[in-house]
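Open your viewer and have the ligand ready to select. We will start there and then look at how far to trust the chain.

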Amino acid sequence: MADGQSTHPGATRARVAELTEQLAVAASHEARSRLARRDAAAFAARLERSLPDALDPLIRLYGAEHDVPALARRLVSTLLDAVGSRSDELLELDHRREIGPDWFLDQSMVGYVCYVDRFAGTLAGVRGRLDYLRELGVTYLHLMPLLASRDGPDDGGYAVTDYRAVDPRLGTMADLEELATALRNSRISLCLDVVVNHTASEHAWARRAAEGDETYRAYYRTFDSRALPDAYEASLPEVFPDTAPGNFTYAEELDAWVWTTFHDYQWDLDYSNPDVFAAMLAEMLHLANRGVEVLRLDAVPFTWKRLGTDCQNQPEAHWLLQAWRALVRIAAPAVIFKAEAIVPPGQLVQYLGAHVRQRAECELAYHNQLMVMGWSAVAARDVRLPTRALERMRPPPPGTGWVTYVRCHDDIGWAVDDADAAAVGLDGFAHRGFLNAFYAGEHPGSFARGERFQDDPATGDARISGTAAALAGITQALEAGDDTLLDQAIRRLLVLYAVCFGWGGLPLIYMGDELALGNEQSWRTDPAACGDNRWLHRPWMDWQAAARRHDVDAVEGRVHAGFRHLAAARRRTPALHGAARTRPLWTDDTGVLAWRRDHPRVGPMLGLANVADEDRSVDAGVLADVSLPAAVDALDGDAPVDVTGGRIPVARLSARWLVEG
Ligand code: OTU
């Protein structure tokens, strides 16, 4: 394995420059013979601009053992093929995005996340629901895994058998392209998963490996004996200790142990083999050319393994992303990357390229810490831990941003840093235990109806499953038939989403949250799902409930109105453009989360969110600190702020977005 540290940086720079020059001349000839004049010129310009950003990490990754110039020639030819078959509409989109590269940071952006079958049956069905999405203000649609996946358990589609085919139950590749076009015409950007860490054991690469093809056997990490697996296991955690213990599986067809971080049918790819890097690049470009604008790169922390470590967040995992980023930019510059890296807060911003020296990596990353801290705040009715944890996080580098979210298809793992907890007088382990008990509904006074996921009594670790409505108390209030509790619970769900929409970054609505859908139970008898209670929070869309979304007396109507209000207020609030920097603030009320946003052009914003069940207020001195002498509330129709007795009131379980009047 190449050890990047031993490569002399000056030598690398010289090699990068020399190689770029060689390749650029050849590629620009080739481009001119294959592409329209302007497209060829653009390709050549991008190649010159971005190829060095790919070669640098590729030399570090592969330079010690492989022929990097030969690899680079192959990669450039893949890029030429891709740009040569890119449609005129997508070439136009490339142009538009190069003019406005920060499009995904705009305050008008609102994301929606759903399963195709659960939302609308098929891809054609989704096309029939665009009005529903437009009404919510959606500009970004993440369709959960929809590519061909294995029969039987498939980890919700994350066990892909063919990256170039759609799951036949949902439609065809042609349907996907048609949907992408329809979305683009509605100014909605399509986001799809690229599962880069592993394939299904039924993928053609894996089948050929099983048939004895050495080229494909080298795509995976296989071991003839337990010696190395045992050595790795000594420092490896388990992602699914209940349902998929261990990180290696004996595969009879290989007569070997194969690395399986997740389930036994998900074989980890071996990225120390440059063929695998090149193959996955081709799959990414294929999807890009179908009209996908955002690639959600699944499980990226796991792509590189190093003995004696937890095999996550290795420097090489970042170099892989940097190289893919630079190459995809050459052939499909409209496409951006979203990192799915659910990692400790100190490791996250690196996936946006924040290293000792900044590197283009992913444009977006899930703000897992904000999500966890939101749920911590409403359970504890206390914002000290969130304030502490969030103020310690480094900001995203310019041109990148967070996706913010309240719920997703996965469980909630309590990423509470022990040092952050200690700093506010909490014990990290005990607080994580409190959150598990609270959201599993075991804690006295809990309003939540979640369940423990991967409960591990040996370590005391667990995570939580359940829909946002179930976790926020709406299910409990409906069961109890208690209007006061219901009012509180609806406010609680909306205050979490007001933080998500108002923090900065691209907010995601997880399908069903806008209608307060409760936990799903049908999975318990489904052989492909049972044992995995994450299906609890992957409900089927309830279109009858959706039909009540304008009924101001119905729960659905109250919640849906809240979401429409947040999206509309966000669109009107330039201070929420993602280029502004977010910093949490300490206030004199432990129930009110406060954050300031400083935008270089449009001025500041002060966010306030009261997570307590009663009205609270904060010292109005904060307005002067943030330079908002004449603040108005963007969440309250731009009404001037009602300072009374030197305090800014914040009603129970509600939020305010204060901006310049
Ligand atoms: C992802 O999650 C997906 O979101 C899951 O639905 C999949 O099961 C999994 O990958 C395998 O494809 O560990 O508990 O840091 O946290 O990749 C979920 C990233 C997971 C991991 C994440 C993974």
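Select Ile-342 first: one of its backbone N or O atoms lies 2.8 Å from an oxygen atom of the ligand, a polar contact (a pair of N or O atoms within 3.5 Å). Now show the side chain of Glu-340, where an N or O atom is 2.6 Å from a ligand oxygen. Next, Asp-410: its side chain brings an N or O atom to 2.4 Å from an oxygen of the ligand. The protein covers 95% of the 490 Å² of accessible area (Shrake-Rupley, 1.4 Å probe) that the ligand has on its own.

Widen the selection to the 20 residues surrounding the ligand (a heavy atom within 4 Å); Asp-155 and Asp-298 are also among the closest.

This is a predicted model, with local features needing pLDDT of at least 70, side-chain atom pairs 80 or more, and totals for chains, interfaces and linings using all residues. Numbering runs from 1 along each chain as its sequence is written, and side-chain values use heavy atoms, without hydrogens or water.

Finally, colour by pLDDT (the predictor's confidence in each residue, 0 to 100). The chain's mean is 96, with 99% of residues at 70 or more. Over residues 1-6, though, pLDDT is below 50.

Note on methods:
Contact means heavy atoms within 4.5 Å. A polar contact is a pair of N or O atoms within 3.5 Å; within protein, one must be able to donate a hydrogen and the other to accept it, and residues adjacent in sequence count only if both atoms are side-chain atoms.
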